[in-house]
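Trainee: I am new to this structure and would like a close look at one part, the largest pocket and the elements around it. Please take me through it slowly.

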Amino acid sequence: MHDATHASLPSPWVQRWTPLVPAGTPVLDIACGGGRHLRWFARHGHPVTGVDRDPQAVATARGLGEAIEADIEGGPWPLAGRRFGAVVVTHYLWRPLLPTVLDSVAEGGALIYETFAEGNASVGRPARPEFLLRHGELLALCAAPQWRVVAYEDGFLSPPERFVQRIAAVRAPWGTAEGPARHPL
């Protein structure tokens with residue numbers, strides 16, 4: 001579905017919303033693969049942590065920052081109690097982990113999430129419903145008052161052809177005594 005060049009470049013969605021991440025704060029990439037987003041955030045001055053179950057991917061990512069090999073679907077969450085200035089998730093969905101994903105974002109931090117959505121079975125893999133976000137699912141996930149959704153998309157992209165859903169949200173109250181928070185678009 002993705003060629004090797006595309007797989008090594010950071011997602012345009014992640015690139016676009018990087019300014020939401022507070023300067024110098026740690027970034028967590030869940031299911032980090034070979035570290036394309038770890039590399040991106042390290043170049044932008046962030047300490048990075050990646051978690052993946054693939055030993056080869058973790059070995060590749062290890063030189064970029066903290067890299068943890070863990071089965072986050074079948075084992076315990078390896079980062080219990082830790083919070084990050086951003087949590088990044090791309091091309092990965094494990095619904096039982098979603099509350100932990102949200103809880104891993106520090107106050108003032110950002111969630112940048114992009115993965116496959118309903119409709120993707122018509123163009124390729126993944127095709128099984130458990131790996132595809134339902135319409136509006138990321139919006140519902142970030143509906144609590146402590147989340148400010150800055151951007152959300154749910155639709156079709158090409159090339160390569162795929163249906164995606166993506167969100168950029170900040171974990172913070174809408175404003176302070178000084179006025180509303182300003183999240184640049």
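At what relative accessibility does His91 stand, and does His91 count as buried, partly exposed or exposed?

Mentor: His91 has a relative accessibility of 31% and therefore counts as partly exposed, a class that lies between buried (under 20% relative accessible area) and exposed (over 50%), with a 1.4 Å probe and protein chains only. Before going further, please keep in mind that this is a predicted model, in which local features need pLDDT of at least 70 and side-chain atom pairs count only at pLDDT 80 or more, while totals for chains, interfaces and linings use all residues. Residues are numbered from 1 along each chain as its sequence is written, and side-chain values use heavy atoms, with hydrogens and water left out.

His91 is found in the loop between β4 (84-90) and α5 (98-103), where helices (H or I, at least four residues) and strands (E, at least two) are DSSP runs numbered from the N terminus. Although His91 is a residue other than glycine, its phi is positive, near 55°. Ala31 also has a positive phi, about 60°, without being a glycine, and it sits in the loop between β1 (27-30) and α3. With a relative accessible area of 23%, Ala31 is partly exposed.

Both of these residues bring us to the largest pocket, since Ala31 and His91, along with Asp52, Thr90 and Tyr92, are the lining residues nearest its centre. A pocket here is an open set of points on a 1 Å grid, where a 1.4 Å probe fits, with protein on both sides within 12 Å along at least five of seven lines, and lining residues have an atom within 4 Å of a point. The lining is made up of 33 residues, and α1 (4-8), α3 (36-43), β2 (48-52) and β5 (105-116) are the elements that each give two or more of them. Sorted by class, the lining has 13 nonpolar, ten polar and ten charged residues; Asp, Glu, Lys and Arg count as charged, Ala, Val, Leu, Ile, Met, Phe, Trp, Tyr, Cys and Pro as nonpolar, and the others, Gly among them, as polar.

The strands just mentioned belong to an open sheet of seven strands, whose order is β3-β2-β1-β4-β5-β7-β6 and whose pairing is mixed. Because β3 (66-69) and β6 stand at the edges with a single partner strand each, one side of each is left without a neighbour in the sheet. Two strands pair if DSSP finds at least two bridges between them. Strands of a sheet pair through backbone hydrogen bonds, either parallel or antiparallel.

The parallel sense is seen where β1 and β4 are joined by four bridges, and there Ile30 stands opposite Val89 in β4. Following the chain onward, Ile30 is the end of β1, and Ala31 lies in the loop between β1 and α3.

The antiparallel sense is seen where β6 (residues 147-157) pairs with β7 (residues 162-171) over ten bridges. Phe156 stands opposite Phe163 in β7, and a hairpin of four residues joins β6 to β7. The loop between these two strands holds Pro159, which is linked to Ser158 by a cis peptide bond with omega of about -20°. Another cis peptide bond runs from Arg125 to Pro126, with omega near 0°, and Pro126 is placed in the loop between β5 and α6 (137-141). To return to your starting point, His91 lies in the loop between β4 and α5 and is among the lining residues nearest the centre of the largest pocket.
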